Amino acid sequence: TANMNRAMLVTVLYRLAGSPAVSGSMPFTDAAEGQWYSNAVIWASQTGIVTGTGADTFSPDQSVTREQIAVMLRRYAAYYGYDTSAAADLSGYSDAGKISGFAQDGVSWAVAEGLIKGSGNKLSPKNSASRAEVATLLQRYSGWLSGT
């Protein structure tokens, strides 16, 4: 199964937001303007949903990880005024220590809200997510958005 990359996920979130009008230029040196994902990346950067993978990089073709998904979904919800204060105790997951510092709050929130579920007692935060896995997660997320 094909993995979802960062540009794809940002484009899905941009379309979920109704594809709002975008102005401004591409803030990342590794993401070109005039691409299928360009407006989505500019929008996501301007809204704070993404901050990039480095000082001025976005890594559009890099497979999105489970922890990156959690962070983007939480930032999207916060941007649109949803309560993102829920937090789960992740200490029961054997790989909780592998969650990146930037992703701690996002993963804790996504687990608390039932968006991300562990397998066994692992969250696999750095694993890439297939398109099918992301579709399932986005179905849960859509239900969460409409139910809050």
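Helices, as the term is used here, are DSSP runs of at least four residues, numbered from the N terminus. On that basis Ser59 lies in the loop between α2 and α3. The model that contains this loop is predicted, and the paragraphs below proceed from its overall form to individual residues.

The protein has five helices and zero strands, so that, in the order of the sequence, its pattern reads α-α-α-α-α. The C-alpha trace spans about 45 × 30 × 30 Å along its principal axes. For 148 residues, a compact globule would have a radius of gyration near 15 Å, and the value of 15 Å found for the protein agrees with this. Of the 148 residues, 42% count as buried. Contacts across the sequence are also informative: among those between residues at least 6 apart, 73% join residues at least 24 apart.

Helix α4 offers a view of the interior. Its buried residues are Gly106, Val107, Ser108, Trp109, Ala110 and Val111, and these pack against α3 and α5. Ser108, which has its place in helix α4, may be considered more closely. Ser108 counts as buried because its relative accessible area is 9%, and buried means under 20%. When residues up to four places away in sequence are set aside, Ser108 touches Ala86, Ala87, Ala88 and Leu90. After α4 comes Gly114, with a positive phi near 75 degrees.

Positive phi values also occur outside glycine. In general, most residues other than glycine have a negative phi. Ser19, however, has a positive phi, near 50 degrees, and Ser59 likewise has a positive value, near 60 degrees. Ser19 is found in the loop between α1 (6-16) and α2 (38-47), whereas Ser59 belongs to the loop between α2 and α3. Their surroundings can be described by accessibility. With a relative accessible area of 35%, Ser19 is partly exposed; Ser59, at 16% relative accessibility, counts as buried.

The next topic is charge pairing. Side chains of opposite charge can pair when their charged atoms come close. The structure holds one salt bridge, formed by Lys126 and Glu67, whose closest N and O atoms are 3.1 Å apart. This pair links distant parts of the chain, for Lys126 is in the loop between α4 (104-112) and α5 (131-147), Glu67 is in helix α3, and 59 residues separate them. The two partners can also be described by accessibility. Lys126 is partly exposed, with a relative accessible area of 45%, while Glu67 counts as buried at 5% relative accessibility.

Helix α3 also takes part in the last feature to be described, the largest pocket. Rolling a probe the size of a water molecule over the atoms shows where empty space is left. The largest pocket has a volume of about 180 Å³. It is lined by 13 residues, of which Arg6, Thr51, Gly52, Gln68 and Phe102 are the closest to its centre. Helix α3 (residues 66-79) gives the most to this lining, with five residues. By chemical character, the lining of the largest pocket divides into five nonpolar, five polar and three charged residues.

Helix α3 therefore recurs through the description: it is packed against by the buried residues of α4, it carries Glu67 of the salt bridge, and, as a helix in the sense defined at the outset, it contributes five residues to the lining of the largest pocket.

Methods
Residues are numbered from 1 along each chain as its sequence is written. This is a predicted model: local features need pLDDT of at least 70, side-chain atom pairs count only at pLDDT 80 or more; totals for chains, interfaces and linings use all residues. Side-chain values use heavy atoms; hydrogens and water are left out. On a 1 Å grid over the protein atoms alone, a cavity is a set of points where a 1.4 Å probe fits but cannot get out, and a pocket is an open set with protein on both sides within 12 Å along at least five of seven lines; lining residues have an atom within 4 Å of a point. Grid points are joined across faces, edges and corners, and a volume is the space filled by probe spheres set on the points. Helices (H or I, at least four residues) and strands (E, at least two) are DSSP runs, numbered from the N terminus. Ala, Val, Leu, Ile, Met, Phe, Trp, Tyr, Cys and Pro count as nonpolar, Asp, Glu, Lys and Arg as charged, and the others, Gly among them, as polar. A salt bridge is a side-chain nitrogen of Lys or Arg within 4 Å of a carboxyl oxygen of Asp or Glu. Buried means under 20% relative accessible area, exposed over 50%, partly exposed in between (1.4 Å probe, protein chains only). Contact means heavy atoms within 4.5 Å. The radius of gyration is taken over C-alpha atoms; the globule rule is 2.2 Å times the number of residues to the power 0.38.
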